[in-house]
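Work through these short exercises with the structure open beside you. Try each task before you read its solution.

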Amino acid sequence: MRAFIFPGQGSQSVGMGQALADASLAARHVFEEVDEALKQNLFRLMSQGPEEELRLTENAQPAIMAHSMAVLAMLEKEGNIRLTDAASFVAGHSLGEYSALAAADAFNLPTTARLLKKRGQAMQAAVPVGEGGMAAILGLDFETVESIAQEAAENDICQAANDNAPGQVVISGSLAAIERAVALAKDKGARRAVMLDVSAPFHCSLMQPAADVMAKALQENRPRQPIVPVFANVSATAETDPTKIMNLLVEQVTGRVRWRESIAAMAAAGVEEFVEFGGKVLAPMIKRIAPDCKATSLIAPADIENFAASL
């Protein structure tokens, strides 16, 4: 069994997608369709920069999705691979859940691009710049980090945001509380505890205004039933019901990304290979969560051709 997985924010880089567009008509069509949906030359920004503009949340989110979907389009059209034949499940990390849903035909490509543009804008607007923060805590288990976050919160917000892999947890919340948590984590033996260069405190209750925006947007753009089950970030279980998927996407804005649990559950369900589309961020995590499973990253045309030939 195999799962197709899709990366989240942080996997963007200037030049992304250019080799795919040069090699594949199907990939070019993805970029053109996203540009048309957004009324924006996003592909030029992806391929040429500037980096500071690409890094903006409202641009990075649809750009990462477009890149993932271009990889999938090349695999399907030119590798003659159907997702339903090659994958038992799909999943994505944070915004990557939208890519996974697009791959599974729960949303069409233009709708996915517009939803992610709105999501990025809403997340950026939810908390004034400088009032929130995020930090990565390495070398402590999830329960320890969760207790540190609770202790550091005091009268502020400090929550576990991403349970990425054993010994890799990201916290999110009010800037002062996150700084307190970093100091506490070091005192409690964390291998590293570092503030992250992010524009907003994602996946914590400070994002409630963005969740409200997405609740309305998703009511107006309700998902269809996916053609393969989607492992949702919030539930860490396989979901197929469109209403539940929609509600979980709203919860995801303020809720924890349960990535470690999702990968472990897919492995327990029989998945032996995870294939990451458009990034090399998730595959290293998977080797730590499920070391007996194979993890493959598809980014360049040669990666896609080699993978298609292996099936």
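**Exercise 1.** Find which residues Ser-94 touches, leaving out residues up to four places away in sequence.

*Solution.* This is a predicted model.
- Step 1: locate Ser-94 in the loop between E2 and H7.
- Step 2: list its contacts, which are Arg-119, His-203, Asn-233, Gln-252 and Val-257.
- Step 3: look at the partner His-203, whose side chain is joined to that of Ser-94 by a polar contact of 2.6 Å.

**Exercise 2.** Decide whether Ser-94 is buried or exposed, and do likewise for His-203.

*Solution.*
- Step 1: recall that buried means under 20% relative accessible area.
- Step 2: Ser-94 has 11%, so Ser-94 is buried.
- Step 3: His-203 has 2%, so His-203 is buried.

**Exercise 3.** Where does UniProt place the feature "active site"? Explain why these residues gather at one spot.

*Solution.*
- Step 1: the unreviewed UniProt entry gives Ser-94 and His-203.
- Step 2: they span 110 residues in sequence, yet no two of their C-alpha atoms are more than 8.6 Å apart, so they gather at one spot.
- Step 3: the lining of the largest pocket includes both Ser-94 and His-203.
- Step 4: His-203 sits in the loop between strand E6 (192-195) and helix H11 (208-220).

**Exercise 4.** Name the edge strands of the open sheet of 6 strands.

*Solution.*
- Step 1: write the order, E8-E7-E2-E1-E9-E10, with mixed pairing.
- Step 2: pick the strands that pair on one side only, E8 (238-239) and E10 (294-298).
- Step 3: check E8, which pairs with E7 in the antiparallel sense over 2 bridges.

Technical notes. Residues are numbered from 1 along each chain as its sequence is written. This is a predicted model: local features need pLDDT of at least 70, side-chain atom pairs count only at pLDDT 80 or more; totals for chains, interfaces and linings use all residues. Side-chain values use heavy atoms; hydrogens and water are left out. Two strands pair if DSSP finds at least two bridges between them. Helices (H or I, at least four residues) and strands (E, at least two) are DSSP runs, numbered from the N terminus. UniProt positions are given in the numbering used here, feature names are shortened, and annotations may be inferred rather than shown by experiment. On a 1 Å grid over the protein atoms alone, a cavity is a set of points where a 1.4 Å probe fits but cannot get out, and a pocket is an open set with protein on both sides within 12 Å along at least five of seven lines; lining residues have an atom within 4 Å of a point. Buried means under 20% relative accessible area, exposed over 50%, partly exposed in between (1.4 Å probe, protein chains only). Contact means heavy atoms within 4.5 Å. A polar contact is a pair of N or O atoms within 3.5 Å; within protein, one must be able to donate a hydrogen and the other to accept it, and residues adjacent in sequence count only if both atoms are side-chain atoms.
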